[in-house]
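I sat down with this one to see what the helices look like and how far to trust the model. Here are my notes, in the order I looked things up.

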Amino acid sequence: MHASKTQSTNKNVMKKAILSTMVLALTTSSFIQTTYATSSKGESLAASSETTQKAFQMQQAFRMRSQQAMSQEQSPIQYQIKARLDEKDMTIQGSQTVSYLNTSKDTLQELVMHTYADANRSKATQTIMYTDQNEQIAKEHPEKKASDFLGGMDIVKVTQQGEKLFFDKKDQALHVQLKAPLQPGQSITFQVDYRIDIPYGMQRISYYKDQVNGAHWFPVMSVYDETTHQWNKTPYSTSFESDYYTSSDFDVEFNVPESYQVVMPGDITSKNSTEQGRKVVTARAANTREFAFFAGANLKVERETRNGLTVEYFYSGDDPAKKAAVDKYIDYAFKVIAFYSEKYGKYPYPEFRVIETYVDGFGVEYSRLIQMPQRPAGLSPEEDTTFIHEIAHQWFHALIGNNSETESFLDEGFAEFSTVYFLEKQGNKLGGFRSIQLDPSPIDLPIASTNEQVGDMANYVFYQKGRQAIYQLYRSVGEQKFDAFMKEYFNRFVYQNATIDGLLGTVEDVLGKEQRQDMEKALMEPGFELKQEYQMSEKELAAYMHDAYQPQYEAVVNNIPNLPYEVMIRLMEKSFRGEPLTIVLGDQVSKEAAKQQEQATNKLTQIFDVFGMKYDVVRDRKQLKQKLKREIGSSNLILVGDAKSNGMVQALKNNINVRAKGIGLDWKEAMNASGHSGAYVIKHPYNQNRLMIHYYWNGDHLSTKASASFMEKILESLTLSNDIYQSYELDGNGKLKDSKKVE
């Protein structure tokens, strides 16, 4: 049967809507891996034209300058910090000496430092990333007051050579007035004494159970922008991240309880303190974007050194299987770091550290270390895209910095692309480039938007669309040229802060003006969509969706304890495995009923088409009789429409009634509830190895109000959600009246 043009158009629109929903769920899922695609072969990067020759000359010049910068003994900012952690009242007393070199062309009248710990002064200024977890912690610990979840930084004094400097602290920024203007090329050394109250619960700086998280634990120099002649004074983002720093040198002495294991970047040593029961942990870290610490009395550590790089993994717990899992993670970290070092630029530090904390649901990147949620012992690092993504941030955040308030694409987009690039080259069928080729609906925002502009769409804009723009560049020029471009980008901006303008300039110098124009359009204009030639075909997309979702359905039906056999999503799991499926419509019905049956059938077939499943549709009784004994007898069934008009129901209603009792459904009562509609799933009336779902309504056709709800419920019943249905009943207005489900 060929659908009319109008029917075909409507079906395509509905299918695209379903596909967008499924793709968005897939791309934002924390446990879904993505698939593979054949990348275009890189062409030789030979200097075959005058433009290319000039690009190579510029590359060499930039490489020399960047190598000189990397070999500098000192960064423009040095911190010498002496601090003491009081674990009894959870405070930090600190004194730091800061040497600051004015690298701008401006004469500075003041210095500005971030006091991001002050984001914890009120709940309104704390990041919402931890809100849900803190609300749960508060329920579990009713003895804690709301004020316990707050904290902040107090500045005791600021001095220069013993003389006090006037300062003002507001909106998470410390303004220090200089006694004399700081000329371009001049340095100043000054001291800041401070105290921090650490909030309870989960924040970037916080304490919970036996661990302390220590990001933003000291005043840190703001970045001065000589184009705007202003310091960056933006408070810490409540909705995303604010990690805009200058790479600096750190010399830290941290006085902590003797039992504490301390995780920090750099070369760590320890010595006894003059205070009984305490020790001083020192760390020296040069050319480091930010300096965070984590500490706890019950942390264990595993470590391994290969080719001058030591990977350390810190974790808690006594599960014997955990050590074996940690060893796998360490091995995988070496593999990931080696890949990015080869593709972009060598990881320059002698150590890389991983710390598991009580943070829920996401990892956090810092320089030379990453913070991870606690990982179950059975989780394989190959399946842990969070782990791979956070390691990628060592290149796109720690080594190549950027303003993460205004140009988050530069770190999140590249980290996300790099995750997929790595998995593609590992042959990961659900982790490679096909995930990028998924192109759900465009969004009316440029990829180069600010955090404020994207709001809660950061994942979609920076991560999903961002990695697509980079992938499009990769496909346009081929792998060899793309890798050469990335190495040049790294060499230009390592230890520096990159900008989108700087990125585009590198694209033009290495790959040409046309590629710059394409990339600029992709980043700056709203509504970016991957070029058609880089998207998957409809057949490839169906195969991808099949491969991506089949493991999820299998996991649900296999891993939920005591899950009944008769649940609707099990029919989907069976169809994923290739079991036959037949949809049977009622016949001898009114035009309105026939129209609604076709609408329901279109909804079903769109779902199956998205996943590349095979099915058969039977629309008349003669065809039904021909298939009844053989094909339909061995097939899973979906029946649509009023029981009285559906030939399959009429032929098997006695057996259906018996099977329905098995799920606790009074079938006759349900079929006689005037104006009601719904669905139920039972074992096939004469094949216990197959299932049958009946999407029914009572009466000639559905009311207008009930029709919309009925169609929506079809999608909900067959897709993964919190509710796994055996049956449900809608009233005459389409409102849910009753249901039987597994939550």
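**Helix α4**

I began with helix α4, residues 320–343: its 24 residues reach 36 Å from first C-alpha to last, close to the 34 Å expected at 1.5 Å a residue (1.5 Å times one less than the number of residues). Helices here are DSSP runs of H or I, at least four residues, numbered from the N terminus. At the start of α4, I found a side-chain oxygen of D319 within 3.0 Å of the backbone nitrogen of A321.

**How far to trust it**

This is a predicted model, where local features need pLDDT of at least 70 and side-chain atom pairs 80 or more, while totals for chains, interfaces and linings use all residues. Residues are numbered from 1 along each chain as its sequence is written, and side-chain values use heavy atoms, without hydrogens and water.

Mean pLDDT (the predictor's confidence in each residue, from 0 to 100) is 90, and 90% of residues reach 70 or more. Residues 1–14 fall below 50, and so I noted the general caution: where pLDDT is low, the coordinates should not be read in detail.

**α6 against α9**

How do α6 and α9 pack, and at what angle? Helix α6 (residues 409–425) meets helix α9 (residues 458–477) at about 65°, with axes 8 Å apart.

Key
Contact means heavy atoms within 4.5 Å. Helices (H or I, at least four residues) and strands (E, at least two) are DSSP runs, numbered from the N terminus. A polar contact is a pair of N or O atoms within 3.5 Å; within protein, one must be able to donate a hydrogen and the other to accept it, and residues adjacent in sequence count only if both atoms are side-chain atoms. Axes are lines fitted to C-alpha atoms, for helices over the stretch in contact, and angles run from 0 to 180 degrees between N-to-C directions.
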